Amino acid sequence: MDARVKSVHDSQNNESVMSKTPPLRLGVNVDHIATLRNARGGLRPDPVRAALAAIAAGADGITAHLREDRRHIRDQDMARLKAEISKPLNFEMAATEDMLKISLATRPHAVCLVPERRQELTTEGGLDVVGQHNALAPFIARLNDAGIRVSLFIAADPAQIEMAAKLRAPVIEIHTGGWCDAVVDGHTAKADAEWQRIVKGARLARSAGLEVHAGHGLDYATAETIAALPEIAELNIGYYMIGEAIFVGIGETVRAMRAAMDRGRRALQGAGAP
């Protein structure tokens, strides 16, 4: 192929790739600012202040998980976040009647339904939408009817993804914890297998008309890697970023994460989509 023709072809291919690629948003989870506050029982550090600082540094939205035991985020935090931040609020919660009432009163931009057990330190896996579809269907319908965007936090499993589409949830968030843990622990074979599940799951979800988000365990390196998947529209990251913020501040942490994500997206643009 003539070099000039090839250049035009490659340019057109990259433009086609990027035209099909959604913008990549960064949602910052402020749960563990509240964890630190609650250790002393006072008012500081304030998760709303952290949210405002993250937005000022370039975050596209704020995520907060109101757990049933209120171990970090509290009801008043959710109300203040909704009232005070200028970016979308993603309300993570279990699918319970109590949480449904709070979310309908708060009216966040989005609700992400997650599994929850009192004994767990953090969310340990994806929501079983296949096994719980009868209970979830009316729950999701009520949120949809209220104009609240519903996301389901699930594993990159074909059955779970297909059921999410049937339940009319417009968004899924792929649980990336297994992959991230394997990467950090140096378990290469497991990391590769988990990565391939994520790649295939993201493609399946996008083909089913779902918007695809990802989160859990992401750091700068894994966020850069997953940012190169054209199906991913949003990353929600909390624990790692709050930990880094102790040393360099939340603004610098958000800017560094944003830069890592941008590097991943540029790699996609340079390589073309598979």
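**Figure 1. Ala-64, sitting in strand 2.** Here we zoom in on Ala-64, which belongs to strand 2 (residues 61-65). The model is a predicted one. With a relative accessible area of 0%, Ala-64 is buried, because anything under 20% gets that label. Setting aside neighbours within four places in sequence, Ala-64 is in contact with Val-30, Asp-31, Ile-73, Met-78, Leu-81, Asn-90, Phe-91 and Glu-92. Val-28 makes a handy distance marker: the C-alpha atoms of Ala-64 and Val-28 are 8.5 Å apart in space, with their positions 36 residues apart in sequence.

**Figure 2. Ala-105, an exposed alanine in helix 5.** Another alanine, another setting: Ala-105 is part of helix 5 (residues 97-106). Ala-105 comes out at 67% relative accessibility, so it counts as exposed, the cut-off being over 50%. If you want a reference point, try Ala-79, whose C-alpha is 9.1 Å from that of Ala-105. In sequence, Ala-105 and Ala-79 are 26 residues apart.

**Figure 3. The largest nonpolar core and one of its well-connected members, Leu-235.** The core has 74 residues. Which of them touch the most other members? Leu-81, Leu-113, Leu-152, Ile-226 and Leu-235 do. Helix 9 (residues 188-207) provides the largest share of this core, six residues. Pick Leu-235 and list what it touches, skipping residues up to four places away in sequence: you get Leu-24, Arg-25, Leu-26, Gly-27, Ala-214, Leu-218, Ala-223, Ile-226 and Met-261. For the backdrop, the chain has 274 residues, 48% of them buried, and its secondary structure comes to 12 helices and eight strands. Counting contacts in the chain with a separation of 6 or more, 69% are between residues 24 or more positions apart.

**Figure 4. The aromatic pairs.** Searching the whole structure turns up two aromatic pairs. In one of them, the ring centres of Trp-179 and Trp-195 are 4.8 Å apart and the planes make an angle of 35°, so this pair is tilted. Trp-179 is in helix 8 (residues 177-185) and Trp-195 in helix 9, so to speak a link between distant parts of the chain, 16 residues apart. Are these two tryptophans buried or exposed? Both Trp-179 and Trp-195 are buried. Tyr-220 and Tyr-240 make an edge-to-face pair, at 5.2 Å centre to centre and 90° between the planes. That pair also links distant parts of the chain, with Tyr-220 in helix 10 (residues 220-226) and Tyr-240 in helix 11 (residues 239-248), 20 residues apart. Tyr-240 has 27% relative accessibility, so it counts as partly exposed.

**Figure 5. The second largest pocket and its lining.** This pocket has a volume of about 320 Å³. Of its 15 lining residues, Ile-33, Leu-36, Pro-45, Ile-242 and Ile-246 are the closest to the centre. What sort of residues make up the lining? Nine are nonpolar, three polar and three charged. Helix 2 (31-40), helix 3 (47-56) and helix 11 each supply at least two residues of the lining. Helix 11 gives the most, with five.

**Figure 6. Pro-45 and its cis peptide bond.** Pro-45 is in the loop between helix 2 and helix 3. The peptide bond from Arg-44 to Pro-45 is cis, with omega near 0°. As a rule, most peptide bonds are trans. Pro-45 touches Ile-33, Leu-36 and Arg-37, not counting residues up to four places away in sequence. Pro-45 and Ala-34 are 7.1 Å apart, C-alpha to C-alpha, and 11 residues apart in sequence. At 29% relative accessibility, Pro-45 counts as partly exposed.

**Figure 7. Positive phi at Arg-70 and His-216.** Most residues other than glycine have a negative phi. Arg-70 isn't a glycine, yet its phi is positive, about 55°. Look for Arg-70 in the loop between strand 2 and helix 4 (75-84); at 23% relative accessibility, Arg-70 counts as partly exposed. His-216, not a glycine either, has a positive phi of about 110°. The loop between strand 7 (211-215) and helix 10 is where His-216 sits. With 24% relative accessibility, His-216 counts as partly exposed.

Notes
Residues numbered from 1 in each chain as written. Predicted model: local features only at pLDDT ≥ 70, side-chain atom pairs only at ≥ 80, totals over all residues. Heavy atoms only, no water. Core = buried A, V, L, I, M, F, W, Y, C linked by side-chain atoms within 4.5 Å. Buried < 20%, exposed > 50% of the residue type's maximum accessible area, 1.4 Å probe, protein only. Helix = DSSP H or I, 4+ residues; strand = E, 2+ residues; numbered from the N terminus. Contact = heavy atoms within 4.5 Å. Phe/Tyr/Trp six-rings, centres within 6.5 Å; stacked < 30°, edge-to-face > 60°. 1 Å grid on protein atoms, 1.4 Å probe; cavity = no way out; pocket = protein on both sides within 12 Å on 5 of 7 lines; lining within 4 Å. Points joined across faces, edges and corners; volume = space filled by probe spheres on them. Nonpolar A, V, L, I, M, F, W, Y, C, P; charged D, E, K, R; others polar.
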